[in-house]
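Trainee: I would like a close look at a single part of this protein. Please pick one helix, follow it from end to end, and then set it in the rest of the fold.

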Amino acid sequence: MDRGRTDSGDHTDLTGDRGLGVPAGPAGPADPAASADLTDLAKLDERITGCRACPRLVDWREEVARTRRAAFADQTYWGRPVPGFGPPDASLLIVGLAPAAHGANRTGRMFTGDRSGDVLYAALHEVGLASRGTAVSADDGLSLRGVRITSPVRCAPPANKPTPEERDTCRPWLVRELELLRPSLRAVVVLGAFGWQAALPAFARAGWEVPRPRPAFAHGTRVTLTSPTRLDLFGCFHVSQRNTFTGRLTPAMLREVLRTAASAAGLTTRPYDG
């Protein structure tokens, strides 16, 4: 299915090549990645998109995809779990929270099609890590340089609030993603306290030694993990409208974190724009 396409026809068929295209079936196992042959990121991404482990999230993401927002009434929503986005040898990882109902749940790509993504991709483009500063669909030609974007929860949750149980059920996907990225990964930017709390246990399960007590989240915080490979973690306020509209997170603040993390990851960035 073309995740970025629009359709002018009937959108009520949720099988085959139209609509959601999600197979029916029971909820998945508690560890949805446990029995999978996930030897590379492409296989991982494919398995993620078929996960049905959390009934509440499955019901919500598919209901949103059926009813759609009026502004996108002519579009076919993705309506599935959203895999990571970016090259398989990324040295910098950005960890968010969960797909937005009418953003990534619509387009099928992380932070694509909503205002949070507008802020994030504009900053990535300005510092030289994205090919363009806008993200509207999965086939818009956007590419990332040395950066991958992911989230600890892969399905859009009601009110943007996944439960702790849903967070924990989804964690194995992030753990496996970290394991596959480990040869190249050097730095991680975690957006928001929820992402921070969800990511630290994933790093531990993926083999890194996380300090105890676990470091608290704060914007601009930096924590270095030294085993089995050096990994620098950076905290950054989430690019939510609540933070960007109020000025709690400004574009300059976001660019500063991205530049610092990119440097730790061995990536070059564009010069400061003043």
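**Helix α8 and its surroundings**

Mentor: Start where the helix stops. Just after α8, G266 takes a positive phi of about 80 degrees. Keep in mind that this is a predicted model.

Now the helix itself. Helix α8 covers residues 251-264, which is 14 residues. Does its length fit a regular helix, or depart from one? Take 1.5 Å a residue, counted over one less than the number of residues. That gives an expected span of 20 Å, and the end C-alpha atoms of α8 are 20 Å apart, so the two values agree.

Next, which residues of α8 are buried? They are L254, R255, V257, L258, R259, A261 and A262. Two arginines, R255 and R259, are on that list. An α-helix has 3.6 residues a turn, so residues three or four places apart point the same way. Read the buried set with that in mind: L254, V257, L258, A261 and A262 are in it.

What covers these residues? The cover comes from several parts of the chain. It includes the strands β1 (92-95), β3 (187-191) and β5 (231-236). Helix α4 (115-126) is also among the covering elements.

Two of those elements lead to loops worth a look. Take α4 first. The loop between α3 (104-107) and α4 holds T112. T112 has 0% relative accessibility, and because buried means under 20%, T112 counts as buried. Its side chain makes a polar contact of 2.9 Å with the side chain of R109. Leaving out residues up to four places away in sequence, T112 touches G103, A104, T107, Y121, A135, V136 and S137.

Now β1. The loop between α2 (55-67) and β1 contains G79. G79 is also at 0% relative accessibility, so G79 counts as buried. The C-alpha atoms of G79 and G108 are 7.6 Å apart, with their positions 29 residues apart along the chain.

Finally, the whole fold. The protein has eight helices and five strands. Along the sequence they run α-α-β-α-α-β-α-β-α-β-β-α-α. Of the 274 residues, 53% count as buried. Among contacts with a separation of 6 or more, 69% join residues 24 or more positions apart. The protein exposes about 11,800 Å², and carbon and sulfur atoms supply 52% of that area.

Key:
Residues are numbered from 1 along each chain as its sequence is written. This is a predicted model: local features need pLDDT of at least 70, side-chain atom pairs count only at pLDDT 80 or more; totals for chains, interfaces and linings use all residues. Side-chain values use heavy atoms; hydrogens and water are left out. Helices (H or I, at least four residues) and strands (E, at least two) are DSSP runs, numbered from the N terminus. Buried means under 20% relative accessible area, exposed over 50%, partly exposed in between (1.4 Å probe, protein chains only). Contact means heavy atoms within 4.5 Å. A polar contact is a pair of N or O atoms within 3.5 Å; within protein, one must be able to donate a hydrogen and the other to accept it, and residues adjacent in sequence count only if both atoms are side-chain atoms. Accessible areas come from the Shrake-Rupley method with a 1.4 Å probe; for residues, only the protein chains shown count as cover.
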